[in-house]
Amino acid sequence: MVDDVDLLDADIIDYHITIPIRDIPEEDSIALFLLENVMRSKDITFDTGFGSDGREWFLDWSLSGATPEVVIQKLRDTKVKFQVEMRVREDEV
């Protein structure tokens, strides 16, 4: 059985961020593009992609240079709408 306190360990929580990009204002699209480039220039990197729901950021084992909380706050500061799904990482076999 997993202790509830263990679930708070950031090393086992992944964040899947979805940013709907269909029909968003141009200024939001530009803000998102600029934020991604600024973070990359500051060596904040993580896996990204595009899915059926929009732009996807995966703040998981691939995240380097910042904590998930810092990245999420930077995205909040842009005022671009997004959704966050928290996932407990499966034990590696």
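At 11% relative accessibility, Glu36 counts as buried, and that charged residue is a friendly place to start a tour of this predicted model. Glu36 meets the side chain of Arg55 in a salt bridge, with 3.0 Å from N to O. From there we can visit the other salt bridges, the nonpolar core, a patch on the surface and two residues with a positive phi.

**Salt bridges**

- Side chains of opposite charge can pair when their charged atoms come close.
- The count of salt bridges here comes to three.
- In the pair we began with, Glu36 belongs to helix α1 and Arg55 to strand β3, so this bridge ties together parts that are 19 residues apart in sequence.
- Arg55 counts as buried as well, at 10% relative accessibility.
- Another bridge joins Arg89 to Asp14, and their closest N and O atoms are 2.3 Å apart.
- Since Arg89 lies in the segment after β4 and Asp14 in strand β1, that pair ties together parts 75 residues apart in sequence.
- The two partners sit at unlike levels of cover: Arg89 is partly exposed at 26% relative accessibility, whereas Asp14 is buried at 15%.
- Glu85 and Arg87 also meet through their side chains in a salt bridge, at 3.1 Å from N to O.
- Both ends of this bridge are partly exposed, with a relative accessible area of 40% for Glu85 and 36% for Arg87.

**The nonpolar core**

- In soluble globular proteins, nonpolar side chains tend to be buried together.
- In this model the largest nonpolar core has 16 residues, and those with the most contacts inside it are Phe46, Trp57, Leu59 and Val71.
- Two or more residues of this core come from each of β1 (13–19), α1 (26–41), β3 (54–59) and α2 (68–78).
- Strand β1 gives the most to the core, with four residues.
- Val71 is a good residue to click on: leaving aside its neighbours within four places in sequence, Val71 is in contact with Met39, Ile44, Phe46, Trp57, Leu59, Leu63 and Ala66.
- Among those contacts are Phe46, Trp57 and Leu59, which, like Val71, are listed with the most contacts inside the core.

**A nonpolar patch on the surface**

- Some nonpolar side chains can be found on the outside too: Ile30, Phe33 and Leu34 make a nonpolar surface patch of about 300 Å².
- Leu34, one of the three, has its place in helix α1.
- At 47% relative accessibility, Leu34 counts as partly exposed.
- Helix α1 therefore holds both Leu34 and the buried Glu36.

**Two residues with a positive phi**

- Most residues other than glycine have a negative phi, and most peptide bonds are trans.
- Asp23 is not a glycine, yet its phi is positive, at about 60°.
- To find Asp23, look in the loop between β1 and α1.
- Asp23 is exposed there, with a relative accessible area of 77%.
- Lys79 also has a positive phi without being a glycine, and its value is about 70°.
- Lys79 lies in the loop between α2 and β4 (83–88).
- With a relative accessible area of 69%, Lys79 is exposed.

How values were computed. Residues numbered from 1 in each chain as written. Predicted model: local features only at pLDDT ≥ 70, side-chain atom pairs only at ≥ 80, totals over all residues. Heavy atoms only, no water. Core = buried A, V, L, I, M, F, W, Y, C linked by side-chain atoms within 4.5 Å. Buried < 20%, exposed > 50% of the residue type's maximum accessible area, 1.4 Å probe, protein only. Contact = heavy atoms within 4.5 Å. Patch = residues over 30% accessible without salt bridge, like charges linked within 9 Å, V, L, I, M, F, W, Y side chains within 5 Å. Areas by Shrake-Rupley, 256 points an atom, 1.4 Å probe, with all protein chains shown as cover. Salt bridge = Lys/Arg side-chain N within 4 Å of Asp/Glu carboxyl O.
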